[in-house]
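Me: Can you go through this model with me? I have some short questions about rings, charges and the overall layout.

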Amino acid sequence: MTLRFFLSPKAIPTPFVSFGVVTKKCGGGVAITASHNPAKWNGFKFREETGASVSSETSIEVEKYIDLAFNAGKVNSTPLAQTLKEKSVEYFDLTPSYIASVSKLVDLNSLRNAGLKVAVDSMYGVGAGYFKMLLSVGKTQVTEINGERNPAFPASIPNQSPSIYKDLCR
C-alpha cells in the first residue's frame, strides 16, 4: 500500500487541518501547534477521518508507537524534495477551498456590504489576515491588531481575560 500525504505550503489554523482531512478524504491528520501557548510547547494534534480530535485512548496509543519507534532507532527520514518528486507528499493549499466552503455557510456579500466596523485581535497567530481577506472588499471595515505572525506572542501569552481586549476598545 502506498501512503500519500498532503502538506500545507504555509502555516495554517488548526481548523484548516480538520477541513483538509475531510475534503481530501484522508484517514487522519496532524497539526503541529502550541495552540495559544509559547512555541516551545509545540505538540501534535491528531485528527481522525471525520476531522475531529482523536480520542484520548487513540492519542495514548499513537504516543506509544512514536515512543517505541524513537527508542528502537527505527525512525526513517526522507528529504522533502524526494517525497515531493516521488509524489508521496503533495503540497495542497487549503485556503481557497476553505473560503469557498465558508461562503456556502455564511452570506459573505451581506457582511461585506453591511458597513460594519469589525475589530479582530489575531494574537500573532496563523489566523492573521483571514477576517480582512473575507470581509474588507465592501463597505465593512476590518481593523486587525496583533496581525503579524510571531510564535513568541510578544504582547502576552494569548488568553481570554478581559485585560487583553483594551486595544480593541480604542
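Reply: What follows covers the layout, then the rings, the charged pairs and one surface patch. Keep in mind that this is a predicted model.

Me: How many helices and strands are there?

Reply: The protein has 6 helices and 6 strands. Along the sequence their pattern is β-α-β-β-α-α-β-α-α-β-α-β.

Me: And what box do the C-alpha atoms fill?

Reply: Roughly 60 × 35 × 30 Å, taken along the principal axes.

Me: What percentage of the residues count as buried?

Reply: Of the 170 residues, 26% count as buried.

Me: On to rings. How many aromatic pairs does a search of the whole structure find?

Reply: The search gives 5 aromatic pairs. One of them is Phe16 with Tyr98, which is stacked, with 4.0 Å centre to centre and 25° between the planes.

Me: Where do those two sit in the chain?

Reply: Phe16 is in helix α1 (residues 14-23) and Tyr98 is in helix α4 (residues 95-105). They are 82 residues apart, so the pair links distant parts of the chain.

Me: Is Phe16 buried or exposed?

Reply: Phe16 is buried, at a relative accessible area of 3%. Its partner Tyr98 is partly exposed, at 22%. The cut-off for buried is under 20%, so Tyr98 falls outside that class.

Me: Which other residues join Phe16 and Tyr98 in a cluster?

Reply: Phe19 and Tyr130 do; ring pairs link them with Phe16 and Tyr98.

Me: What about Phe44 and Phe46, how do their rings sit?

Reply: The ring centres of Phe44 and Phe46 are 6.1 Å apart and the planes are at 10°. Planes under 30 degrees apart count as stacked, so this pair is stacked. Phe44 counts as exposed, with 53% relative accessibility, whereas Phe46 counts as buried, with 15%.

Me: Which charged residue lies over a ring face?

Reply: Lys24 lies over the face of Phe92, 4.2 Å from the ring centre.

Me: Changing topic. How many salt bridges does the count come to?

Reply: The count comes to 3. One of them joins the side chains of Glu90 and Arg4, at 2.4 Å from N to O.

Me: Why would that pair tie together separate parts of the sequence?

Reply: Because Glu90 is in strand β4 (residues 89-91) while Arg4 is in the segment before β1 (5-7), and the parts are 86 residues apart in sequence. Glu90 counts as partly exposed at 29% relative accessibility, and Arg4 also counts as partly exposed, at 48%.

Me: Which residue does Asp93 meet in a salt bridge?

Reply: Asp93 meets Lys10, at 3.7 Å from N to O. This pair links distant parts of the chain, with Asp93 in the loop between β4 and α4, Lys10 in the loop between β1 and α1, and the two positions 83 residues apart. Asp93 counts as partly exposed at 32% relative accessibility, and Lys10 is partly exposed at 36%.

Me: And what is the partner of Lys64?

Reply: Glu61, with the closest N and O atoms 3.6 Å apart. Lys64 and Glu61 are both in helix α2 (residues 56-72), and because they are 3 residues apart they are separated by about one helical turn. In general, an α-helix has 3.6 residues a turn, so residues three or four places apart point the same way. Lys64 counts as partly exposed at 47%, and Glu61 is partly exposed at 36%.

Me: How far does α2 reach from its first C-alpha to its last?

Reply: It has 17 residues and reaches 24 Å, close to the 24 Å expected at 1.5 Å a residue.

Me: What comes just after α2?

Reply: Gly73, which takes a positive phi of about 70°.

Me: Last topic, the surface. Which residues make the nonpolar patch?

Reply: Leu105, Val106, Leu111 and Leu116 make a nonpolar surface patch of about 340 Å².

Me: Where in the chain does Leu116 lie?

Reply: Leu116 is in the loop between α5 (108-112) and β5 (117-121). Leu116 is partly exposed, with a relative accessible area of 38%. Patch residues need over 30% relative accessible area, so Leu116 meets that cut-off.

Technical notes
Residues are numbered from 1 along each chain as its sequence is written. This is a predicted model: local features need pLDDT of at least 70, side-chain atom pairs count only at pLDDT 80 or more; totals for chains, interfaces and linings use all residues. Side-chain values use heavy atoms; hydrogens and water are left out. Rings of Phe, Tyr and Trp (its six-membered ring) pair if their centres lie within 6.5 Å; planes under 30 degrees apart count as stacked, over 60 as edge-to-face and the rest as tilted. Helices (H or I, at least four residues) and strands (E, at least two) are DSSP runs, numbered from the N terminus. Buried means under 20% relative accessible area, exposed over 50%, partly exposed in between (1.4 Å probe, protein chains only). A charge sits over a ring if NZ of Lys or CZ of Arg is within 6 Å of the ring centre and within 35 degrees of the ring normal. Patches are made of residues with over 30% relative accessible area and no salt bridge: like charges are joined within 9 Å, nonpolar side chains (Val, Leu, Ile, Met, Phe, Trp, Tyr) within 5 Å. Accessible areas come from the Shrake-Rupley method with a 1.4 Å probe; for residues, only the protein chains shown count as cover. A salt bridge is a side-chain nitrogen of Lys or Arg within 4 Å of a carboxyl oxygen of Asp or Glu. The expected span of a helix is 1.5 Å times one less than its number of residues.
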